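Notebook open, coffee poured. I want to look up one pocket and a couple of helix pairs today.

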Amino acid sequence: MNSRLLESVAGEFGTPVYVYDETKIISQYNRLKKAFGPQEVKLHYAMKALSNINVLKTLKEQGAGLDAVSIEEVLLGLRAGFEANEIMYTPNGVAFSEIEEAVALGVMINIDNLSVLEHFGMVYGASVPVCIRINPHILAGGHANISVGHIDSKFGISIHQLRHIQRIVEHYKLHIIGLHMHTGSDIVDADVFLQGADLLYHAAGYFPELQFMDFGSGFKVAYQEGDFVTPIEEIGTKIGESFQHFCKEYGRELELWFEPGKFLVSESGVLLVSVNVVKQTTSTVFLGVNSGQNHLIRPMFYNAYHRIENISNPEGQKKLYSVVGYICETDTFGYDRPISEAKVGDVLGIYNAGAYGFSMSNQYNSRLRPAEVYIKDGVPQLIRKRETLEDVIRNEIDLSKSASYATYE
Ligand SMILES: *Cc1c(COP(=O)(O)O)cnc(C)c1O
């Protein structure tokens, strides 16, 4: 998406606005599919990264399944047209009733807790096949908040509890048809995946009925030039080979699954914002924009780096700016960024905003969430309206106007 296209989107739809490029999503999908060489892979898109129905439909057309982490995501996936058997439900810490609801809908359940597995065994026994999420205790991931495979993590059943899992499985005659791991996001080292894979191959010895192995995700993309990225092709080649070797030993061809979120959609997205104020202080020049951590929380939450460019003046002379949001808290998109000289009204593009951008947005400070625009077949199209104040107070109840208040008067 070049500056001119982005500027025209800002002009047509206003700012702040999230813009996603469908061709980028499709090319990332194909790149990952091809990385494994002769080994077929099934990709379940981790929809928590970006759940707009149009993006889900794009990935469905490409042949992806879905990875859902809440019953709401399962329901949205079904609405988008996915078959129940194309959806993997990987909950953590949810009420058992939510798991029952998912079973009734027919989606694959991924269990990450021994006591839940036992409960599941009691209720369903041999009647509903399941997948087990193993915690391989590998330290992985770019930031403590997104590293989920380590010893203190709440996710998964420990690889050291295989014997206990086996006891429960045998007693309740459970059919374990998949093993799963997901050790964190922003993993840059191919060996982390290989180590995890080896542990899962070992664990497979306990489960003779497996049909698939799911190695989760955590593929990192570039946020700035020269950034370390997950070497997808290297991982693909190595895992593809080791998996084929494993299948021979296991005695059967299993399916190989991954659940990428960020890898598929991060680079497809840009958040366009407008400069409200240019503020010189004794120490820096701030560009204050009409957005904030309420729209894109990653810089404040994960200390994530997002490249920022002045779309309105792409060729201008670079100056150092600190780009800040309008929320009444520390609210910084980036410190000391060389950006083409900016004036009030200029449109800035904040890049890598496709994943965990809109999906983590909120209405803090009673601000409205942005619109979303999809560049599909080269044409920008509105896929979510900008919120209005009515949306912010939709479910609020003003007691002075409610009937119940009147009856107590
Ligand atoms: C979040 C998540 C993913 C996707 O992680 P990315 O780093 O965005 O690729 C995959 N699987 C599970 C279970 C997740 O919770």
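What volume does the second largest pocket have? I get about 290 Å³ for it. Note to self: this is a predicted model.

**Entry 1, the pocket lining.** I looked up which residues line the second largest pocket and found 13 of them. Nearest its centre lie Ala222, Glu267, Arg307, Tyr351 and Asn352. Sorting the lining by class, I get five nonpolar, five charged and three polar residues.

**Entry 2, where the pocket sits.** Why does the second largest pocket lie between domain 1 and domain 2? I checked the lining against the domain bounds, 51-260 for domain 1 and 267-382 for domain 2. Both domains give residues to the lining, so the pocket lies between them.

**Entry 3, helix pairs.** My reminder before starting: two packed helices are described by the angle between their axes and the distance between the axes.

I took α2 (residues 22-34) and α3 (residues 53-62) to begin with; their axes come within 10 Å and cross at roughly 40°. That angle makes α2 oblique to α3, since it is not under 35 degrees, where I would call the pair roughly parallel. On handedness, I noted a right-handed crossing where α2 passes α3.

Then I went on to α5 (residues 96-105) and α6 (residues 114-124). Here I have axes that come within 11 Å, with a crossing angle of roughly 50°. This makes α5 oblique to α6. Left-handed or right-handed, as α5 passes α6? I wrote down right-handed for that crossing.

How values were computed. Residues numbered from 1 in each chain as written. Predicted model: local features only at pLDDT ≥ 70, side-chain atom pairs only at ≥ 80, totals over all residues. Heavy atoms only, no water. 1 Å grid on protein atoms, 1.4 Å probe; cavity = no way out; pocket = protein on both sides within 12 Å on 5 of 7 lines; lining within 4 Å. Points joined across faces, edges and corners; volume = space filled by probe spheres on them. Nonpolar A, V, L, I, M, F, W, Y, C, P; charged D, E, K, R; others polar. Domains from an automatic or database assignment. Axes fitted to C-alpha atoms, helices over the stretch in contact; angles between N-to-C directions. Helix = DSSP H or I, 4+ residues; strand = E, 2+ residues; numbered from the N terminus. Parallel < 35°, antiparallel > 145°, perpendicular 65-115°, else oblique. Left-handed = near helix turned anticlockwise from the far one by under 90°.
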